[in-house]
Amino acid sequence: MEKVNVPELFGSLVFNDREMKARLSKDVYKSLRKTIDENVRLDEQVAEAVAKEMKEWAIEHGATHFTHWFQPLTGVTAEKHDSFIEPTGDGGVLMEFSGKELIKGEPDASSFPSGGLRATFEARGYTAWDPTSYAFIKDHTLCIPTAFCSYSGEALDKKTPLLRSMQAINREALRVLRLFGNTDVKNVSTSVGPEQEYFLIDQKLFNQRTDLVYTGRTLFGCRPPKGQEMDDHYFGVIKPRVIEYMEDLNQELWKLGILAKTEHNEVAPAQHELAPIYSTTNIATDNNQLTMEIMQKVAKRHGMVCLLHEKPFAGVNGSGKHNNWSISTNTGVNLLSPGETPYENAQFLLFLCAVIQAVDDYQDLLRLSVATAGNDHRLGANEAPPAIISVFLGEELTGILNAIRDDKPYEGVEKVIMKLGVHVLPRFSRDTTDRNRTSPFAFTGNKFEFRSLGSSNSIACANIMLNAAVAESLRQYADELEKADDFETSLHNLIKRVITEHQRILFDGNGYGEDWIKEATEVRGLSNLKTTADAMPKLLDPKNKEMLIRHKVFNEAEIQSRCEIMLENYCKTVNIEGMTMVDMVRKDYLPAIEEYLYTLARAVDSMKSVSENVKCRYEISTIEKLTDLTDNILTAVEALEEALAALKDCEDIFATSEAIRDSILPSMNTLRGYVDAAEMLTSAKYWPYPSYGKLLFSVQ
């Protein structure tokens, strides 16, 4: 592979700040930066100037088309391409792109999920340029990140409410900072670094699995003799074929200015992880959507398929997306950095309290923000945090908060020097807190890691809810402290009260233990929303609606529509899985088992004809077991068919989701159990689909 000049490659396909500064006039650049940095309204003349230079830059890089790139409520991105060409009177063309085309697009909105926000005949929708996220070139097309709304102005995407939530937390955080005498800060924003887990399997084997093609996960399959139990894949030597893929992927991501930093093998065979450096939440969200798309495209170049489903294989680790979240000022101060003496850092403690209170008050919103049919299989499966939301702080911060709560002096945590018993090895100070991989929401030094997101999720949903919930905590604090006669005393009392009232959400132990589930639900009163059907309706709870509307993150119609859309996605996903199982069983599994039974029966007859004393113990035993299993499979597939048919009689989406949870999923599990048992008894020669062993160990 030829040498790569990374600094030269990085951002080469992005109309980033470096390009804008070089190409735009000083006045235009200054005005655009003010829009980006201070959230002021965009000047139309500025847009016209930007469009001209953006077009010239794109054409120089081989682009012939442009598109408004947006994120509808389908979970993936959308784009409609238009060429730059405009006809001339002499039969030729000019390459044109106006400020109007940059600012606004009009895609047909009729086929995107709306949750009742518009009737089918109301087709018009609008896309609006988001100047805070850089345009880029993909497949010879200039992609302009945009928001997407209906004809009546409601948000039909994930970007718009995310930007609203960032605006809310900026507004309330500035109020709090002013109380501390900070007048220099003009903007507060949240930043995210989303770690992305994924599986790589061979393309040819993928094409042979109907369930993977239709649903992204295996609906049947026995665990292979060897899985992840030896822990030899985790951080192990990366296989040559995967290394080539990762190198190719990095280059494609770097061209688009995506800060891909870390890559390694994950726990399960064929599982890997990519992690970027932090960026502003809006840009990080756009970049993560791009990352998932490019991961899958690059995999195909290498004869592989990148699986982003949360649980593509039963019995081995699923894939998550750890959302590392922090909050910072435009002056470069991380408001979640404890400093050398966190006990004396009142500003840090107040922002820490805001996050703790937000997670406690709106634990149901955080849970539903990661609720999908796929992620339901992963949460709590001893590889991911449980569905119960809690906060892990570690030894030092826990000690500080306890001291404040109990009005006792904080005695500190003694620095421990790590001595490894070998003179040549360096000594170093141990961190004052360990990591807790069982915690859904863990403090990790100067940020919180929300570990519950599924690998295929857009990170927008979780960050919308997190930003909004923290903004609400900060609003309450600002309201109280702005009226205080004695700021210092009121601040101390506020921090102490918050710590005391929200103690229940703090947990530093094993989140996988049954004792914790019992304590969390029965003693502490925390919610345990195990499925999407349990979690999503909580979006309509009055306290949640009031908060989201107060901060103008959603209006009431948008909240109602999102609840219905997410439940509809859940129901459609599981319904497709159920129908796929029926299809596979009736067309492939039952015929294959019957063919093997016929072969065994003929073998018995043949051997008995030679000698009546031949016992045929293996053949007869297998025939008996497979015959019973075949009957059970037929009964189970008929039950699943009946359950799927009954869904048509459900009155609304809430009843349908409950039927999915209570009837369809149990029927699917029963059917799978019988088919997987039959796989263990059937010759591989007759089994119609590649096994788990072949899939998981196919890439060398």
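This passage describes the aromatic pairs, salt bridges and surface patches of the structure, which is a predicted model.

Aromatic contacts are considered at the outset. The structure holds 19 aromatic pairs, and among them is the pair formed by F220 and Y589, whose ring centres lie 4.9 Å apart with 65° between the planes, an edge-to-face arrangement. F220 is placed in the loop between α8 (210-215) and α9 (240-255), whereas Y589 belongs to helix α20 (residues 556-610), so that the contact ties together parts of the chain that are 369 residues apart in sequence. Both partners are shielded: F220 is buried, with a relative accessible area of 1%, and Y589, at 1% relative accessibility, is likewise counted as buried. A further pair is made by F441 and F450, and because the centres of these rings are 5.6 Å apart and the planes stand at 55°, the pair is classed as tilted. F441 and F450 are both buried, and they also take part in a cluster in which ring pairs link F348, F441, F443, F448 and F450.

Turning to charged contacts, a search of the whole structure finds 42 salt bridges. One of these joins K159 to D130, with 2.7 Å between N and O; the pair links distant parts of the chain, since K159 lies in helix α6 (residues 159-179) and D130 in the loop between β7 (125-129) and β8 (135-138), 29 residues apart. Both side chains of this bridge belong to buried residues, K159 as well as D130. A second bridge is found between K545 and E556, for which the closest N and O atoms are 2.9 Å apart. As K545 is located in helix α19 (residues 542-550) and E556 in helix α20, this contact ties together parts that are 11 residues apart in sequence. The partners have unlike surroundings, in that K545 is buried, with a relative accessible area of 17%, whereas E556 counts as partly exposed at 46% relative accessibility. Beyond individual pairs, salt bridges that share partners join R171, E172, R175, E472, R475, D479, E482 and R550 into one network.

A salt bridge is also formed between K52 and E53, where the closest N and O atoms are 3.8 Å apart, a separation that falls within the 4 Å limit used for such contacts. Here K52 is partly exposed, at 48% relative accessibility, while E53 is buried, with a relative accessible area of 19%; the latter residue is assigned to the buried class because that class covers values under 20%.

Two patches were identified on the surface. In one, negative charge is gathered by E594, E624, D628 and D631, and helix α21 (residues 617-646) provides the largest share of this patch, namely 3 residues. D631 is located in helix α21 and, with a relative accessibility of 45%, counts as partly exposed. The other patch is nonpolar, covers about 400 Å² and is made by V213, Y214, I576 and M579; α8 and α20 are the elements that give two or more residues to it. Of these residues, I576 lies in helix α20 and is partly exposed, with a relative accessible area of 39%. Helix α20 thus recurs in several of the features described, since this helix also contains Y589 of the edge-to-face pair and E556 of the bridge to K545.

How values were computed:
Residues numbered from 1 in each chain as written. Predicted model: local features only at pLDDT ≥ 70, side-chain atom pairs only at ≥ 80, totals over all residues. Heavy atoms only, no water. Patch = residues over 30% accessible without salt bridge, like charges linked within 9 Å, V, L, I, M, F, W, Y side chains within 5 Å. Areas by Shrake-Rupley, 256 points an atom, 1.4 Å probe, with all protein chains shown as cover. Salt bridge = Lys/Arg side-chain N within 4 Å of Asp/Glu carboxyl O. Lys, Arg positive; Asp, Glu negative; His and termini not counted. Charge placed at Lys NZ, Arg CZ, Asp CG, Glu CD. Helix = DSSP H or I, 4+ residues; strand = E, 2+ residues; numbered from the N terminus. Buried < 20%, exposed > 50% of the residue type's maximum accessible area, 1.4 Å probe, protein only. Phe/Tyr/Trp six-rings, centres within 6.5 Å; stacked < 30°, edge-to-face > 60°.
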